[in-house]
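Thank you all for coming. I would like to walk you slowly through one chain today, so please look at the sequence and the structure as they come up.

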Amino acid sequence: SDDNGNGVAERLDVENELRAAISAIDAAASPQSFVAAGVTVLVDSQTVYANVASFAALTVGARVEVHGLRDTAGRLRATRVELVTAGQGADELRGRVSAVNTAADTFVLNGNISINYAGATFSPAGTSETSLADGGEVEVRGSLVGTVFTATQVDFENLEDDNLRGRENEKQETEGFVSGFSAHPGSFQVNGRNVVTTATTRFVGGSAADLANDVKVEAEGTVNAQGVLVASKIEFKQVRVLLHG
């Protein structure tokens, strides 16, 4: 609303990044990590666990649902890890498409999982295998065995979210890890959303000098005619984490 304090939600979506069995665990890493559906999942002191006490209680073969944000290397910084049963929902995976092969009804997701979509339905309405393109973001549901995912459904995430990206002059905000950063003022991405800072951008919890790739921020501002979020405020959510190994 005009007072920026009230509103009525038309839809709330809670999206996980993956649901699959754990294939490897690295408890000695800093931060600790595990691999599921070919994705390296990083956990820290802010990660919430459900149906399992802690990271130490996770085991290879355990099936988990993971929520979080991707960093510039494609690793998943987990905000929530939930232990799920074998029959609790289909396997799921989100990521970017590559190596589309329409003759074989396959593509690759996140660089290492082969998706077979021969028996899949596509969403939203009007999409099909011809909508697949390298670099596009999709979510697949189905069954993962090893590195082969047999999809029963393919959702085009960018198309589904188009109505939520904002219109020109509309106020918006987005939260996630910075990628593609080079200088301020300048342009970069926050959780895949194009953001630009200006000389008047205000910084909270840090300064312009703290902007860097893999820093978690919340960007707030107004959408311009090109669909870019022009940031009036950048709020730092955490300092940069140095990863080892």
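Let me begin towards the C-terminal part, where strand E15 and strand E17 (residues 229-236) run parallel and are joined by six bridges. The strand names need a word of explanation: helices (H or I, at least four residues) and strands (E, at least two) are DSSP runs, numbered from the N terminus, and two strands are said to pair if DSSP finds at least two bridges between them. Within the parallel pair, Val-196 has Val-230 of E17 as its bridge partner. E17 also pairs with strand E16 (residues 216-223), in this case in the antiparallel sense and over seven bridges, and there Gly-221 stands opposite Ala-231 in E17. E16 and E17 form a hairpin with five residues between them, and in its turn Gly-227 has a positive phi of about 80°.

Before going on, I should say how these values arise. This is a predicted model, in which local features need pLDDT of at least 70 and side-chain atom pairs count only at pLDDT 80 or more, while totals for chains, interfaces and linings use all residues. Residues are numbered from 1 along each chain as its sequence is written, and side-chain values use heavy atoms, with hydrogens and water left out.

Now to the chain as a whole. Its secondary structure comes to one helix and 17 strands. The radius of gyration, taken over C-alpha atoms, is compared with a globule rule of 2.2 Å times the number of residues to the power 0.38; the chain has 19 Å, close to the 18 Å that the rule gives for 245 residues, so it is as compact as a globular protein of that length. Along its principal axes, the C-alpha trace spans about 50 × 45 × 35 Å. Of the 245 residues, 37% are buried, where buried means under 20% relative accessible area, exposed means over 50%, and partly exposed is in between (1.4 Å probe, protein chains only). If we take contact to mean heavy atoms within 4.5 Å, then among contacts between residues at least 6 apart in sequence, 59% join residues at least 24 apart.

Let me turn to the N-terminal part and strand E1 (residues 18-26), which has several partners. E1 pairs with strand E7 (residues 91-101) in the antiparallel sense over two bridges, with Arg-19 opposite Glu-92 in E7. E1 and strand E5 (residues 63-70) also run antiparallel, joined by four bridges, and here Arg-19 stands opposite Glu-65 in E5. Finally, E1 pairs with strand E2 (residues 33-36), again in the antiparallel sense and over four bridges, with Ser-33 in E2 as the bridge partner of Asp-26.

What surrounds Glu-65, not counting residues up to four places away in sequence? Glu-65 touches Asn-16, Leu-18, Arg-19, Arg-80, Val-81, Glu-82 and Val-84. This glutamate, which lies in strand E5, is buried, with a relative accessible area of 11%. Ala-21 is 44 residues from Glu-65 in sequence, yet the two are 8.8 Å apart in space, C-alpha to C-alpha.

That leaves the backbone details in the loops. Most residues other than glycine have a negative phi, and most peptide bonds are trans, and with that in mind there are four places I would ask you to look at.

A hairpin joins E1 to E2 through six residues, and Pro-31 has its place in the loop between these strands. The peptide bond joining Ser-30 and Pro-31 is cis, with omega about 0°. Another cis peptide bond, with omega about 5°, joins Ser-123 and Pro-124, and Pro-124 lies in the loop between strand E10 (121-123) and strand E11 (137-145).

As for phi, Ala-37, in the loop between E2 and strand E3 (39-42), has a positive value of about 55° although it is not a glycine. Asn-191, in the loop between strand E14 (187-190) and strand E15 (193-204), likewise has a positive phi, near 55°, in a residue other than glycine. Are these two residues buried, exposed or partly exposed? Ala-37 counts as buried at 4% relative accessibility, whereas Asn-191 is partly exposed, with a relative accessible area of 44%.
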